[in-house]
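Me: I am new to reading structures. Could you walk me through a few features, one at a time?

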Amino acid sequence: MYIFQGEKMKKTLDREKTVIKCPACFDLALCLDCGQAFRWEKTENGWRGVISGREYLLNQNGSSLEVSGSTDSESIHILENYFDFDRDYEAILDTLNNDKYFSKAASEYYGIRILRQESWEALCSFIISQNNNIPRIKGIISRLCENFGENTGNGAYSFPSAQRLSLLEVSDLAPLRSGFRAKYIIDAARKVSFGEVDLKKIEKMPIEQARQTLMSVKGVGPKVAECALLYGFNRLEAFPVDVWVKRILKELYPKGLPECFSGYEGIAQQYLFHWRRNLDTKE
DNA sequence: AGCCAGGACAAGT
DNA sequence: ACTTGTCATGGC
């Protein structure tokens with residue numbers, strides 16, 4: 001987790017505060033803590049995190065999003081894009097709600113949006129996620145950033161670039177305690193850094209070709225590729241199937257997904273994932 | 001203490 | 001084309 005430097009940092013983050021108007025269907029805490037991003041930390045002053053090397057401290061107050069830390073216009077633009085504020089989730093949920101199970105999940109967890117995370121961070125994070133649990137995933141990623149990211153100046157760290165990680169050896173990642181995943185992280189960093197896997201090109205590829213390209217990375221199978229596409233490339237039709245979603249499919253949709261999910265399977269997946277996971281685990 | 005985790009891979013059918 | 005054992009680590 002982040003290391004804070006007391007009052008000095010607090011003043012830096014509080015110096016300027018900007019308020020953004022939120023769209024309908026936006027719950028900050030749910031967005032940041034529903035299993036799609038692993039790096040946001042809830043503190044007594046709000047949700048703290050880093051996007052594109054910029055540090056943010058966020059608080060939601062009804063339809064207002066209070067932002068401190070990075071508050072220049074470019075940083076605000078980055079934040080609005082991160083939350084995909086321009087997308088009309090009300091309209092999408094109207095359609096998805098035709099399914100009764102989704103409707104139930106959305107009634108309990110209204111306000112989840114699919115974040116537009118940076119593609120490299122999403123890919124790398126979900127490589128780490130495989131056969132792993134969320135608390136430990138967060139710890140490994142936190143150590144990855146502390147060891148190889150850049151300090152924002154306040155004790156928070158950026159997500160290390162593929163270029164930076166490509167220069168390391170597997171043994172350099174020992175402090176992460178990521179187990180067998182270390183070699184996958186290095187392979188991904190090298191393929192991305194050397195352009196063998198071109199993330200910019202993947203953005204424009206047909207989804208099936210994008211899947212195949214991502215899976216050319218060691219340690220990236222169907223599930224991790226699907227997560228990268230959904231969370232890192234905003235492919236809302238991507239549908240990651242983990243053990244929880246597998247249970248959902250078996251218990252609720254033995255004959256397949258309903259037609260009303262078409263095009264937004266990933267959003268449906270996120271609501272159902274979070275809902276199903278919280279039936280067994282209490283936060 | 002033992003099972004499980006936002007899986008992938010290789011080896012074996 | 002399907003099944004099974006293995007892989008590190010640690011949360012619960």
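**Helices and DNA strands**

Reply: Start with a pair of helices. α6 passes α7 in a right-handed crossing. Keep in mind that this is a predicted model.

Me: How are two packed helices described?

Reply: Two packed helices are described by the angle between their axes and the distance between the axes. Here, helix α6 covers residues 119–128 and helix α7 covers residues 134–148. They pack at an angle of about 130 degrees, and their axes are 9 Å apart.

Me: What word fits the way α6 and α7 lie to each other?

Reply: Oblique. Angles over 145 degrees count as roughly antiparallel, and 65 to 115 as roughly perpendicular. At about 130 degrees, α6 and α7 are therefore oblique to each other.

Me: Which residues make the contact?

Reply: From α6 come C124, S125 and I128. From α7 come I137, I140, I141 and L144. Sorted by class, the contact of α6 with α7 has six nonpolar residues, one polar and no charged.

Me: Now the DNA. Which residues are around DNA strand C?

Reply: Look for N131, N133, P135, R136, R177, G179, F180 and R181. Then ask which part of the strand comes within reach. Of the atoms of DNA strand C within 4 Å of the protein, sugar and phosphate account for 65%. By class, the residues near this strand are two nonpolar, three polar and three charged.

Me: Where are the polar contacts with DNA strand C?

Reply: Check the partner atom on the DNA each time. The side chain of N131 has an N or O atom 3.0 Å from a base nitrogen. R136 places a polar side-chain atom 3.0 Å from a base oxygen. F180 uses a polar backbone atom, 3.3 Å from a sugar or linking oxygen.

Me: And DNA strand B: how many residues are around it, and which come nearest?

Reply: There are 29 residues around DNA strand B. G35, N132, I134, R247 and Q269 come nearest. Sugar or phosphate makes up 60% of the strand's atoms within 4 Å of the protein, and bases the rest. The surface near DNA strand B has 13 nonpolar, 11 polar and five charged residues.

Me: What do Y231, P240 and W244 contact on that strand?

Reply: A polar side-chain atom of Y231 lies 3.0 Å from a base oxygen of DNA strand B. A polar backbone atom of P240 is 3.4 Å from a base nitrogen. W244 has a polar side-chain atom 3.1 Å from a phosphate oxygen. Now step back to the elements. Those giving two or more residues to this surface are α12 (222–232), α13 (243–252) and α14 (265–280).

How values were computed: Residues numbered from 1 in each chain as written. Chains lettered and ligands numbered in written order. Predicted model: local features only at pLDDT ≥ 70, side-chain atom pairs only at ≥ 80, totals over all residues. Heavy atoms only, no water. Near = heavy atom within 4 Å. Polar contact = N/O pair within 3.5 Å; in protein donor to acceptor, adjacent residues only side chain to side chain. Nonpolar A, V, L, I, M, F, W, Y, C, P; charged D, E, K, R; others polar. Helix = DSSP H or I, 4+ residues; strand = E, 2+ residues; numbered from the N terminus. Axes fitted to C-alpha atoms, helices over the stretch in contact; angles between N-to-C directions. Parallel < 35°, antiparallel > 145°, perpendicular 65-115°, else oblique. Left-handed = near helix turned anticlockwise from the far one by under 90°. Contact = heavy atoms within 4.5 Å.
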